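Me: I would like to go through this structure with you, one short question at a time. Please show it first.

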Amino acid sequence: MKFRAKIMDAACLNHFTRVSCMVAKLARACTLRISPRKLHFILPDSAAGSGVSMWCELPQENFFSEFQMEGVSEENNEIYVELMSENLARALKTAQNARALKVKLTNKHFPCLTISIELVSLSSSSRMVTHDIPVKVIPRKLWKNLQEPTIPDSDVSIYLPVLKTMKSVVEKMKNISSHLIIQANLNGDLNLKIETELVCVTTHFKDLGNPPLASENASQDRNPEQMAEVHVDIKKFLQLLAGQQVNPTRAVCNVVSHKMVHFDLLHEDVSLQYFIPALS
C-alpha cells in the first residue's frame with residue numbers, strides 16, 4: 001500500500017484547503033478513500049449502522065501535479081483510512097502561500113498521512129514544515145459500508161437560494177427551536193419553518209426552480225402546489241450551511257417526505273452529498 005501526491009499550483013492548494021475545512025465542519029472524523037482517479041471524504045451513517053451521510057468527491061487530476069498510489073491489491077486498487085478531519089484542515093491552513101505541498105502515506109511507529117509543506121521566507125530561501133496526521137487503515141472487509149450512497153427517490157427536488165442568506169435565517173431560528181421544518185414543491189417554492197407552543201415562524205423562498213429531470217419524474221401524479229415536508233435537527237442543517245465558505249456552483253435539495261433530506265452541492269469540480277434523516 002503506497003500513496004504520495006504533490007500540489008504545486010497555489011489556486012489548487014487553496015481549493016483543496018477549502019474542501020478540507022468544509023469537511024472538518026461537517027464531520028469530526030471521516031474516511032479518506034484514495035483511488036487512482038479520485039479522492040473521497042466519507043462520513044458513514046453510524047445511526048443507520050450502514051450507509052453514508054456525507055460523500056465528498058474530488059478528481060485528483062484537478063488538484064495534484066503528481067499522484068501515485070498502489071492499493072491493497074491489483075483487484076482492489078484503493079486505500080481507505082480514517083482520520084480526524086480537523087487535523088487535516090489545521091495542517092493545510094499552514095500551507096497558505098506555500099511553494100509546494102506533498103502528501104504521503106507513511107509509517108512512523110503507527111500509520112500517518114504526512115503533509116510536507118515548502119514555505120518561502122522573505123529572503124527567498126525555503127523551509128519545510130511537516131505534519132504527521134495519525135490515521136487508521138480500514139480493512140477490506142469493512143469497505144462495503146463505505147460505498148457511494150444510493151440516492152433515494154425524492155418527492156420534490158428544488159434548487160436552493162444563496163446559502164449565506166439561508167444561514168442567517170436558520171441561525172436566528174435556532175435561538176427559538178431545535179427542530180426545523182423544510183417544505184418544498186414543484187412550483188419552485190421553499191419554506192423554512194419553526195413551530196413552538198408560543199410561536200410559528202416561516203421564511204418563504206419563491207421561484208427557485210426545480211431540476212428538470214426530478215420534476216418530470218415526480219410531477220406525473222403530484223400537484224405542483226403540494227408541499228413535501230420533512231422535520232430535521234436544525235443544528236445538522238446549520239452545520240452544512242456553516243461549512244460552505246463559497247457559494248456552490250449548483251445546490252439542489254431533494255426532499256423525501258417525512259424520511260430524509262438529501263443535499264447535492266457542486267463546488268466547481270468537487271461534489272458534496274449530504275443526508276439529514278427526518279426526526280422521528
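Me: In which loop is D207 found?
Reply: The model is a predicted one. In it, β14 covers 200-205 and α4 covers 212-219. D207 is found in the loop between β14 and α4.

Me: Is D207 buried or exposed?
Reply: A residue counts as exposed when its relative accessible area is over 50%. D207 has a relative accessibility of 69%, so D207 counts as exposed.

Me: What is phi of D207 near?
Reply: D207 is a residue other than glycine, and its phi is positive. The value is near 55 degrees.

Me: Where is E268 found, and is E268 buried or exposed?
Reply: E268 is found in the loop between β17 (260-267) and β18 (270-277). Phi of E268 is positive, near 55 degrees, and this residue too is other than glycine. The cut-off for exposed is over 50%. With a relative accessible area of 57%, E268 is therefore exposed.

Me: K193 has a relative accessible area of 17%; is K193 buried or exposed?
Reply: The place of K193 is in strand β13, residues 190-195. Buried means under 20% relative accessible area. At 17%, K193 is therefore buried.

Me: Which residues is K193 in contact with, leaving aside its neighbours within four places in sequence?
Reply: Contact here means heavy atoms within 4.5 Å. Leaving aside those neighbours, K193 is in contact with M173, H179, L180, I181, Q183, C200, V201 and T202.

Me: How many Å separate the C-alpha atoms of K193 and P277?
Reply: Along the chain, K193 and P277 are 84 residues apart. Their C-alpha atoms are separated by 17 Å.

Me: How many residues does the largest nonpolar core have, and which helix gives the most to it?
Reply: In soluble globular proteins, nonpolar side chains tend to be buried together. Here the largest nonpolar core has 76 residues, and those with the most contacts inside it are F3, F41, M54, F237 and F263. With seven residues, the helix that gives the most to this core is α1, residues 10-26.

Me: Which residues does F237 touch, not counting those up to four places away in sequence?
Reply: F237 is one of the residues with the most contacts inside the largest nonpolar core. Not counting residues up to four places away in sequence, F237 touches M166, V170, L180, L192, F263 and I276.

Me: How many residues are in the other core, which lies apart from the largest one?
Reply: Among the residues of this other core are I42, W55, I138 and W143. The core is of six residues.

Me: I42 is in strand β3; how many Å apart are I42 and T31, C-alpha to C-alpha?
Reply: Strand β3, where I42 has its place, covers residues 38-44. I42 has 0% relative accessibility, so I42 counts as buried. I42 and T31 are 11 residues apart in sequence. In space, C-alpha to C-alpha, they are 5.0 Å apart.

Me: How many helices and strands are in the chain, and what is its radius of gyration?
Reply: The chain has five helices and 18 strands. For 280 residues the globule rule gives 19 Å, and the chain comes close to that, so it is as compact as a globular protein of that length. Its radius of gyration is 21 Å.

Me: What percentage of the 280 residues is buried?
Reply: The cut-off for buried is under 20% relative accessible area. Buried residues make up a share of the chain equal to 49%.

Note on methods
Residues numbered from 1 in each chain as written. Predicted model: local features only at pLDDT ≥ 70, side-chain atom pairs only at ≥ 80, totals over all residues. Heavy atoms only, no water. Helix = DSSP H or I, 4+ residues; strand = E, 2+ residues; numbered from the N terminus. Rg over C-alpha atoms; globule rule 2.2 N^0.38 Å. Buried < 20%, exposed > 50% of the residue type's maximum accessible area, 1.4 Å probe, protein only. Core = buried A, V, L, I, M, F, W, Y, C linked by side-chain atoms within 4.5 Å.
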